Amino acid sequence: MVAWTWSYEGYAPEAERLREALCALGNGYFVTRGAATEASPGPAHYPGTYVAGCYNRLVSTVAGRRIDNEELVNLPNWLPLRYRMRPVDAAPGPWLSPDHPQLAEHRQTLDLRHGTLTRWSVYEDGEGRRLSVEQCRLVHMGDPHLAALRTSFTAAGWAGEVEVVTGIDGDVRNAGVARYRDLENRHLTDWYTGSELDDTLWLRCRTNDSDIRVALAARTRTDCGVTAPGAGAPRADLTPQRAFHTLTLPVEPGSTVVVDKTVALYTSRDQAIGNPLDAAVDAVRRAPDHPRLLASHHRAWKHLWHQAKLDVPGESGLFLRLHIFHVLQTLSPHTAELDVGVPARGLHGEAYRGHVFWDELFVLPFLNLHFPEVSRALLGYRYRRLPSACRAASEAGRAGAMYPWQSAGDGREETQQFHLNPRSGRWLPDHSRLQHHVGSAVAYNVWQYCQASGDTTFLHTKGAEMLLQIARFWAAGATWDTDLGRYRIRGVVGPDEYHDAYPGAKEPGLDDNAYTNVTAAWVLMRALDLCRILPEARRQQLFERIQLAPDEPERWGEIAHRLHVPYHQGIISQFAGYADLAELDWEEYRTRYGDIRRLDRILEAEGDTVNRYQASKQADVLMLGYLFPPAELAAVFRQLGYAVDDDVWRATVDYYLHRTSHGSTLSALVHAWVLARARRADAWEYCEEALTGDAADVQGGTTAEGIHLGAMAGTLDLVQRGLTGLEAHEHTLWLDPAPLPQLSKFRVRLRYGPHWDVDLRIRARRVRIAVPESDTTAVRVRLRGRSYSVAPGTTRWLDLT
Ligand code: BGC
C-alpha cells in the first residue's frame, strides 16, 4: 500500500519555508502556502497566497539601472489566527506559536487523498497548563474561490478562556525570495476593510499597475454559542490594511472548543460576477458549515484522483503522489476556465516571479492523457499571446512568431535584463531571452496534445496558426552558409543556460545549437504536414489570415532538410565550437566546493566564466532523446542528412553525462528518461534525484521559493510515457516498455482520443490493458512490431518477451 500522507514530526524553523511550499494547498485558481496561522511573517514563516494569472508590474532601480519587473502578486493573507491562554486564576499567557518555548509537541500532515493540511501543537506553561491545538485547512477543490480553516482547542489542567485573534492581513509584499530584495515589492494599494453580520470581515484592494481588484471575506463561527467575537459583543478591529476579530472562548479542563474560519477570494479577472467584493461576501454568507465544505472538497478530490490515476508501489509511489497533488493544485480542471499558462514554480512561491517558461513541455504530456481540456486551455494562453509573439518577431526583423523565454500577463518578453549572482553580489547581464527554442516547445505541445486527444478542431484552427507562425520564425532566422552548404541558426542560447556567448565575444549568442536546429527542422516538417492535411477551405483562410506567401512552404521544406547539426569526435556537438572549449577539472571543483550545481555562479565569483568550459547546466543535446522516441530521433536526423544510430547516440549520452552539473531540476529528469534506454544501469540514480528533487530540496534551498513544476510533472510522465514508451495516437496506443528494475510495476489510467479510463498495467515482463465497457470502440495497441485489439469490456495481457 502506498501512503496517502506526507508528514513532518516536530518543528524545525530552518525547514519551515520548505515545508510551507510542500504543504501548500490550492485548486488551480489559487494556492496558499502551508504557513503557520499563528506566527508572524519572518525568517521562518512566509505566508503567501497567489491567484493564477494575477500579475503586476513594478519598476525598480538596481545598481543604477532601471529594471522593469512583472510578477505574480502575493495577495492579502487570509491565514492569521493567533491564540493564547487566559486562565481564570492567572494573568493572560503569551501569544503562542511554534517559535515559543512553551511548544511541547508539534506535527503536521498533508492528506494527499483529501487535500487537507492538519497541524497539531501542544503548548505547556510553567504551571503545567496545557493547550492542544488541532488545525485543519483546505483550499476548496470544488468551489475554487473558497478556503476553510477549522481550529480546535483543548485545555488540560486549567479553566478559563482561549483568546483568539483572526482575520485578513492586507499589509503584504512580495518578499519571498532573498535574491530579489533590491526590487520594488509593494504591488497592492487602495485597501478598504469592513465587517458584516457580526461574523464576517472583508478586505478589498487592487494591484497598483495591472489594476486587478482583489477581495477577500472571512466568516468566523465557533461551536460554543458565540457567533464570532467573544462571549460578549463582537469586536472587530479594522484598519485600512487589516481586518481582525477578537474572540474569547470559554474552556474547561478536557473540553474542546472549535473555531471555523471560512474564506472567499475573488478578483476582477473572474467571470460571472458583479464585483469581487460582493462576490466574496456573498460566497462566505452562502458557504455551508465546515463538515459539509470538507465533504464536498473530498468528493472533488476523489474525482481528480480517479482521472489522474498513476499507481506505483513503494516509496517512489509516494513521491509521485506528492507530485500529482501539486501539479493538480497548480493546474486543475478550474484552470481550463482561466487565461493562464504553466508557472514554472507552481503557485507556491515567488521564484522566477511566477513566470511561464518552456516548462510546459514537461507538464502537458501528463495532462494530455488525463485532463486534455486543461492542456487545451494552457495552449489557449499561448494562442492569445500569438499577436504579441508576432510583434516581437517583427521588431527583431523576423517573420512569424517569437515566443518569449519568460511570459506572464500580456505575452511580452519578461526575462530580466540583469540577474544577481548571490555568490559574488554582482548584477550580471541576462541573455537567457535568446532561448528561442521555447517556440519549438509550444509547437511540440500543440502537436502532442492534438495527437493524444484527436482534437482536430484545435489542430486546424489555433494550433495550425501557432505552428505555422513558429515555423515561419525559424525559416526567417535560418541563413545559408555556402561553405558548409547548409542552413544555420545563429546567435541563440540552447536549453543549457550556462552557455550564452563564445569566450571573449562582444555579442551574446551561439551558433547552430543542435537542440534548436533539430527541433526547428521538426517544426518545419510538422508545418508542412499541416499544410497538406488542412481542409482546403481552411488552408486558404489561414494562409490569407497570416498572409503566407505561396513559396514559403517550399522554403520550409528546403531548410528542414538542410539545417546544420555540428559534430565532433563522432558525437553531436551542443553548438558549433563546443569542442574548442576548455575541459573543466570537475574533480577539483567538486573537492573545493562540494555542491557544484551552480557552477556558473562559482566561476563568475572567481572572476572566470562558465562560457569557457565544456560544462553544461542541464540536458541540452540529450533533450532530443527526451522529445523524440529512438525511431523518430533517427528519422529527424535522417531527414537532415545525418545518421544517428545507437552507437552515436550512446556516445553522445556518455559525453554529456560527464560534462553536466545538473543545475536545474529538469536535468536529472531528462537524464533518467534518456538513460532508461541508453544506459539502464545508471538511470535509477537520476530517477531518484528527480523523484526526491523537491522533497529533499536538492537544489539547495530553492524549493522553499516554489516547487519545480516541470520536474514534478516530468516524473509522472517518466513513468507514464518514458518507461512504457507510450505514444498515444487517436487510434492506436504504441508501446515500447523499458521498465527499470526499481520501477518495473505500475498502473496508469489513460484518457486519449475517444477513450476514457483505459487501464494500463506493467508487470516486469507483461503488459495488461483493460478497456471499460462504456467505450464504444476497441483500443488498438502496437507492441514490438505486432498489433492487438482490446475490445470494450475486455482485458488483455501481452508478453514483453
Ligand atoms: C532552467 C530552465 C527552466 C527554468 C524554469 C531554469 O533553471 O534552466 O530550463 O525553464 O529554470 O524552471
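How do the residues of the shell around the ligand divide into nonpolar, polar and charged? I opened the notebook with this point, working from a predicted model.

**Entry 1: the ligand shell**

I listed the residues around the ligand and found Ala344, Tyr352, Phe357, Trp358, Asp359, Trp405, Glu497, Lys617, Gln618, Ser664 and Leu666. This shell divides into 6 nonpolar, 2 polar and 3 charged residues.

I then looked up polar side-chain atoms beside oxygen atoms of the ligand. For tyrosine 352, I noted such an atom 2.9 Å from a ligand oxygen. For tryptophan 358, a polar side-chain atom likewise lies 2.9 Å from an oxygen atom of the ligand. For aspartate 359, the corresponding distance to a ligand oxygen is 2.6 Å. I also recorded the coverage: on its own the ligand has 310 Å² of accessible area, and the protein covers 94% of it.

**Entry 2: a sheet of 4 strands**

I next traced an open sheet whose 4 strands follow the order E26-E27-E31-E32, with mixed pairing. Strand E26 (727-728) and strand E32 (786-790) are its edge strands, each pairing on one side only. I followed E26 to its partner E27, which spans residues 732-735; the two pair in the antiparallel sense over 2 bridges. Within this pair, I found alanine 728 opposite leucine 733 in E27.

**Entry 3: arginine 19**

Is arginine 19 buried or exposed? I placed arginine 19 in helix H1, residues 16-22. Its relative accessible area is 11%, under the 20% limit, and arginine 19 therefore counts as buried.

Leaving aside residues up to four places away in sequence, I found that arginine 19 touches Tyr8, Gly10, Tyr11, Ala12 and Gln108. With one of these, glycine 10, there is a polar contact: the side chain of arginine 19 reaches the backbone oxygen of glycine 10 at 3.1 Å. I also checked threonine 37, which is 18 residues from arginine 19 in sequence and 14 Å from it in space, C-alpha to C-alpha.

**Entry 4: serine 440**

Which side chain makes a polar contact with the side chain of serine 440? I first located serine 440 in helix H8, which runs over residues 438-453. Serine 440 counts as buried because its relative accessibility is 3%, under the 20% limit.

The polar contact I was looking for is with the side chain of threonine 519, at 3.3 Å. Not counting residues up to four places away in sequence, I noted that serine 440 touches Ile470, Trp474, Thr519, Ala520 and Val523. Thr519 thus appears in my notes both as a residue touched by serine 440 and as its polar partner.

Note on methods
Residues numbered from 1 in each chain as written. Predicted model: local features only at pLDDT ≥ 70, side-chain atom pairs only at ≥ 80, totals over all residues. Heavy atoms only, no water. Near = heavy atom within 4 Å. Polar contact = N/O pair within 3.5 Å; in protein donor to acceptor, adjacent residues only side chain to side chain. Areas by Shrake-Rupley, 256 points an atom, 1.4 Å probe, with all protein chains shown as cover. Nonpolar A, V, L, I, M, F, W, Y, C, P; charged D, E, K, R; others polar. Pairing = 2+ DSSP bridges. Buried < 20%, exposed > 50% of the residue type's maximum accessible area, 1.4 Å probe, protein only. Contact = heavy atoms within 4.5 Å.
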